[in-house]
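Q: Please take a close look at how the helices pack against one another in this model, and set out the geometry, the residues in contact and their surroundings in one connected account.

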Amino acid sequence: IAWSLLELACWLVQAFSNNMCLWTLGAAILLTPLMLLVLIITDQVVDRRLLGERVGLCAINCAGFVIGFAWEVAFAVAIDTVAHEKAIYTIGVCLGLAMIIIPAWRFYIVPNAMQPVPPRNFPL
């Protein structure tokens with residue numbers, strides 16, 4: 001499902017540009033807020049017990065995969081576009097991205113991910 005949604009978004013963006021880098025970036029920009037909305041709505045529906053917790057978790061994981069795939073493809077195509085198939089440029093761009101992304105991940109995402117998962121508050 002995740003890959004199909006990504007390909008659909010790329011296909012929709014192709015109407016506005018003939019550049020593959022813009023297709024993938026546009027798809028990532030288009031899909032991210034939509035999938036965040038899916039995450040929020042699914043969480044609310046599961047909290048209200050209108051949907052089973054396992055089904056909700058499956059939908060949440062699918063939305064996360066869509067976001068992850070979209071940005072992975074966008075970064076890969078952008079690196080190929082900038083590097084022009086030369087290994088030294090590819091390595092340089094990847095190291096530059098890693099120097100920015102890894103510290104942000106380490107200091108902002110990891111501490112939040114290490115917190116215990118709060119229990120669900122089911123309304124009566």
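A: In this predicted model, the axes of helix 3 and helix 4, the latter spanning residues 87–113, come within 8 Å and cross at roughly 135°. Since angles over 145 degrees would count as roughly antiparallel, that crossing makes helix 3 oblique to helix 4. The handedness can be stated as well, for helix 3 passes helix 4 in a right-handed crossing. On the side of helix 3 the contact is made by F75, I79, V82 and A83, and on the side of helix 4 by Y89, T90, V93, C94, L97 and I101. Sorted by character, the residues of this contact of helix 3 with helix 4 comprise 9 nonpolar and 1 polar, with no charged residue.

One residue of that contact, T90, can be followed further. T90 lies in helix 4, and with a relative accessible area of 24% it is partly exposed, the lower bound of that class being 20%. Once its neighbours within four places in sequence are left aside, T90 is in contact with I79 and A83, and both I79 and A83 belong to the helix 3 side of the contact described above. As a distance along the chain, T90 and N112 are 22 residues apart in sequence, and their C-alpha atoms are 31 Å apart in space.

Helix 3 also packs against helix 1, where the axes lie 8 Å apart at an angle of about 50°. Helix 1 and helix 3 are therefore oblique to each other, and helix 1 passes helix 3 in a right-handed crossing. Here A2, W3, L5 and L6 of helix 1 meet C62, F65, V66, F69, A70 and V73 of helix 3. The residues of the contact of helix 1 with helix 3 divide into 10 nonpolar, with no polar and no charged residue among them.

Two of the helix 3 residues in that contact, F65 and F69, also form an aromatic pair, and the count of such pairs comes to 2. The ring centres of F65 and F69 are 6.0 Å apart and the ring planes stand at 25°, so the pair is stacked, the cut-off for stacking being planes under 30 degrees apart. Because F65 and F69 are 4 residues apart in helix 3, which covers residues 53–83, about one helical turn separates them. Their accessibility falls into two classes: F65 is exposed, with a relative accessible area of 52%, while F69 is partly exposed, with a relative accessible area of 35%, and the boundary between these classes is set at 50%.

Helix 1 has a further partner in helix 2. The axes of helix 1, residues 2–13, and helix 2, residues 20–47, come within 8 Å and cross at roughly 120°, which makes helix 1 oblique to helix 2. In this case, too, the crossing is right-handed, with helix 1 passing helix 2. From helix 1, the residues L5, L6, A9, C10 and V13 meet L22, W23, T24, G26, A27, L30, L31 and M35 of helix 2. The residues of the contact of helix 1 with helix 2 include 11 nonpolar and 2 polar, and no charged residue. L5 and L6 are named in this contact and also in the contact of helix 1 with helix 3.

Two residues outside the helices complete the account. R49 lies in the loop between helix 2 and helix 3, where it is exposed, with a relative accessible area of 58%. The backbone of R49 has a positive phi of about 60°, although R49 is not a glycine. Computed along the chain, R49 and I102 are 53 residues apart, and a separation of 37 Å lies between their C-alpha atoms. P119, for its part, has its place in the segment after helix 4, and P119 is exposed, with a relative accessible area of 68%. P119 and A59 are 60 residues apart in sequence, and from C-alpha to C-alpha they are 19 Å apart in space.

Conventions. Residues numbered from 1 in each chain as written. Predicted model: local features only at pLDDT ≥ 70, side-chain atom pairs only at ≥ 80, totals over all residues. Heavy atoms only, no water. Axes fitted to C-alpha atoms, helices over the stretch in contact; angles between N-to-C directions. Parallel < 35°, antiparallel > 145°, perpendicular 65-115°, else oblique. Left-handed = near helix turned anticlockwise from the far one by under 90°. Contact = heavy atoms within 4.5 Å. Nonpolar A, V, L, I, M, F, W, Y, C, P; charged D, E, K, R; others polar. Phe/Tyr/Trp six-rings, centres within 6.5 Å; stacked < 30°, edge-to-face > 60°. Buried < 20%, exposed > 50% of the residue type's maximum accessible area, 1.4 Å probe, protein only.
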